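Please open the structure in your viewer and keep the selection panel at hand, since this tour moves from one selection to the next.

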Amino acid sequence: MTHFFKLHFFVPLAAVLGLVVIAYFGAQANLTWVFGVAIPYLAILIFFEGLIYRIIQWVRSPVPFRIPTTAGQQRSLPWIKKTAKDKLDNPQTFFEVVGRMALEVLAFRTLFRNTRTELKKEPDYPEGNRLVHWSYKWLWIGALAFHYAFLFVILRHLRFFSEPTWGFVQVLEKADGALQYFTPAIYLTDILLLAGLTYLLARRLTNPAMRYISLASDYFPLFLILGIAITGVIMRYYVRTDVTAIKELAIGLVTFKPVAPAGIHPLFYTHLFLVSVLFMYFPFSKLMHMAGVFLSPTRNMANNNRWKHHENPWNYPVKYHRYMDQENAYREAMYEAGIPLEIPPEPVEEKEQ
């Protein structure tokens, strides 16, 4: 275990554990207004300001040429049959780009097509090893399970912010709690979220290449979201707290009439504090790929360079030096050097006359 791995792994782990301790004992020290009202408002403010700032930065970045990443054939090659798959791999119209982006955002299509390359020992080969490429779907399954479970958990929590609870939230809650073998009902998304997080963390720890390139900024959001999930699961299945008081606090926040009711367990303020830290951290981290994918020039552009001229809007007038200007200036020297000329120099005899 290298020094850098210890630094990149244990520092973010200690940071998240420190946040848990601060919030838990801070709530017990009657700082419920700070952790229940002040910090959530600050987190939302930083989240939206950071989000707007990053988006403006991306929008202002110059992209003078169309640079979509493609894997299909262009329509300018008429002898190659173009299929529906090619239209998504190499979109040439706005609607084809929309289809490609939809599959990218909703189904992680690029990740689904991910392949893994490794050397396998083969005694029959002269080198003793063989380079093999094979389909690698576990990362796609883990990422899909984590993201959709996280989305469903967020939508489920909307029941705390409305009275009465919205109809679609009640439908999601019934579908999510289909396992009625226990009381309270076990949410499927809780299982999927923890399983997805465990897989993504285990992948970074067990794969030597991933462990080598992983930084503290890769581990910190995993530990932070894992802390949010674990504290939420503990509150639902082990530590009972006043749900009515929590809903009163949540509605007070969204209606700008904040209150910090009594009777809420300190673990809830720990859970809310970790969520607030995630909101504040989000705009300045790699988690911004959620918004960045829509502004990625390798994904959101139609590849029509072969039949449509794209002029760089940042071009400025340039005084061109033509070849004939160069020949006129250096004709004698070019002639003596044996360089072919468009107009040979005049003979010396004619100049003397």
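The stops below go from the core to one buried residue and then to a pocket.

This is a predicted model, in which local features need pLDDT of at least 70 and side-chain atom pairs count only at pLDDT 80 or more, while totals for chains, interfaces and linings use all residues. Residues are numbered from 1 along each chain as its sequence is written, and side-chain values use heavy atoms, with hydrogens and water left out.

Begin by selecting Leu193, Leu197, Leu224 and Phe268, which touch the most other members of the 50-residue largest nonpolar core (a set of buried Ala, Val, Leu, Ile, Met, Phe, Trp, Tyr and Cys residues joined through side-chain atoms within 4.5 Å; buried means under 20% relative accessible area, with a 1.4 Å probe and protein chains only). Helices that each supply at least two residues of this core include H1 (3–28), H8 (188–206) and H10 (216–237), and the largest share, ten residues, comes from H10 (helices are DSSP runs of H or I, at least four residues, numbered from the N terminus).

Next select Leu197, which, leaving aside neighbours within four places in sequence, is in contact with Phe146, Leu222, Ile225, Leu226 and Ala229 (contact means heavy atoms within 4.5 Å).

Then go to Phe220 in helix H10, which is buried, with a relative accessible area of 15%. Not counting residues up to four places away in sequence, Phe220 touches Pro12, Ala15, Val16, Leu19, Val277 and Tyr281. Add Phe94 to the selection: the C-alpha atoms of Phe220 and Phe94 are separated by 38 Å, and these residues are 126 residues apart along the chain.
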